[in-house]
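Biologist: I've just opened this one and would like a close look at a single part of it, with enough of the rest to know where I am. Pick a spot and talk me through it, please.

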Amino acid sequence: MTEQPARRTRAARPTRPAWPAWAVVRVLRDRNAALYLGGVVVSGFGSSAMWLVAGIWVKDLTGSDGLAALCVFALWAPTLVGPALGALADRTRRRPLLVWTNLGLGLLLLPLLAVDSPGTLWVLFAVLLVYGAAGVVHDAAESALVASAVDRQLLGDFNGLRMTANEGMKLVAPLAGAGLYAAYGGARVALLDTLTFVLAAGLYMLLRVHEPEPRQAGSSADWRARTAEGARYLWSHAALRPLVLAGGTTMLFAGLNGATIYAVAEGLGHSPAYVGLLYVAQGAGSVAIGLVAGPLLRRLGELRFAGYGIALTAVAVAARALPYDAVALASAAAVGVGLPCVLVAALTAVQRETPDALLGRTAATAGTLLFAPNAVGLALGAGLVELLPYQPLLVTLGVTRLVTVLPLLRRQPSRASASATSDRSSSDANPA
């Protein structure tokens, strides 16, 4: 762990850059944090491009909005078994696991070179499913390793900046991916994603962290018991439970809303490639909120920070029903600002409040509760968008989400949660 924060003195404080620039500087001066963010940037670029192109690819080959939406469902579906996959992060050293997972993901994409007709789309969906499963293991290992490799005082700001780096790729990756796809096809985008995973693996190899040998599970019964420990810890924790449940509800609605994206583009009179522009607007919103997430968490507390973000997202989703390009772009940006708030709050709280030996399983369980509803929402939305007009569906989703957030805003933060936010000079944070 870096000792950089310990070397700062009171005399240096008057020279701090303006808020929130100081938080960004502190994170980037931490060697491990900077390497992590480098890995997030390069792999996030390839993943964002591939994620968008997969839907466009299917839409072009089949003409179906529902099948295009199922691409994202295939990526999210493995979160349904997140606790079992996340247990791997507590059974082995996490840095080597990150390295090998990235290399494996790079190789996994190569079969996509054979996808060129509706009859070969099963290859694409199979790859996306395994891609999502490997991503669950990767995220659990990363969350656990970050908590020990990065100064705990930087966790909040690191997670916010990580959100900025990851979502910020939507400013360039979707347009670059759509352009590459239009010129050369989906296979070239898959090769680009492979290269980014290899580069990310190299950056993770440079991390400096000491990891003790983890305790190995014995029998299958021991494996099941250890897997369930993360869920029990999460559910019994008064500060974590409401945040994770609020995040799961939010992501359910996000999945339903996300399934309408191609219908929105078609309703505005645009081709499926227009979806890339909407993702750019959403990425811009996520970049903005990620830069200020840590300071806002300290001022508002986790519950209110999450609640305000959910409320903003609800209004933006309802507004998307209006048939105007400017409204569609503005609502996408507002979703980008609001949606990450509950994820930043919940995942950072998990990192702070969970013992290291349980962190892989607990982070994966939290990931399941947060992101599995997104997969369910995408699947339901893929069916609903084929049966119903998308405008009344969006209005219903927005109003319902606004009603569900009221209990969270009324709830007072627990004493443990409040102290966890206020005791750190720099605090807090991601579908996947």
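Modeller: Helices here are DSSP runs of H or I with at least four residues, strands are E runs of at least two, and both are numbered from the N terminus. Bear in mind that this is a predicted model, where local features need pLDDT of at least 70 and side-chain atom pairs count only at pLDDT 80 or more, while totals for chains, interfaces and linings use all residues. Residues are numbered from 1 along each chain as its sequence is written, and side-chain values use heavy atoms, without hydrogens or water.

By that count, the chain has 20 helices and zero strands. Of its 432 residues, 56% are buried (under 20% relative accessible area; exposed is over 50%, partly exposed in between, with a 1.4 Å probe and protein chains only). About 16800 Å² of the chain is exposed, and 67% of that comes from carbon and sulfur atoms (Shrake-Rupley areas, 1.4 Å probe, with only the protein chains shown as cover for residues).

The part I'd zoom in on is helix 17, which covers residues 356-387 and carries Leu380. Leu380 is partly exposed, at 49% relative accessible area. On the surface Leu380 joins Leu80, Val81 and Val376 in a nonpolar patch, and together the four have about 340 Å² of accessible area. (Patch members have over 30% relative accessible area and no salt bridge; nonpolar side chains are joined within 5 Å, like charges within 9 Å. A salt bridge puts a Lys or Arg side-chain nitrogen within 4 Å of an Asp or Glu carboxyl oxygen.)

Helix 17 also packs on helix 12 (residues 240-258), with the axes 6 Å apart and an angle of about 25° (axes are fitted to C-alpha atoms over the stretch in contact, and angles between N-to-C directions run from 0 to 180 degrees). So this pair is roughly parallel (under 35 degrees; over 145 is roughly antiparallel, 65 to 115 roughly perpendicular, the rest oblique). Their crossing is right-handed (near helix turned clockwise from the far one by less than a right angle; anticlockwise is left-handed).

For contrast, look at helix 3 (residues 31-62) and helix 7 (residues 121-149), whose axes come within 12 Å and cross at roughly 160°. That makes them roughly antiparallel, and their crossing is left-handed.

Now some buried spots. Thr79 sits in the loop between helix 4 (65-76) and helix 5 (82-86). Thr79 has 8% relative accessibility, so it counts as buried. Its C-alpha lies 7.7 Å from that of Gly132, 53 residues away in sequence.

Gly285, in helix 14 (residues 275-300), is buried at 4%. Its C-alpha is 6.2 Å from that of Ala334, with their positions 49 residues apart along the chain.

Glu302 belongs to helix 15 (residues 302-319) and is buried too, with a relative accessible area of 2%. Glu302 and Ala345 are 43 residues apart in sequence, yet their C-alpha atoms are 5.3 Å apart.
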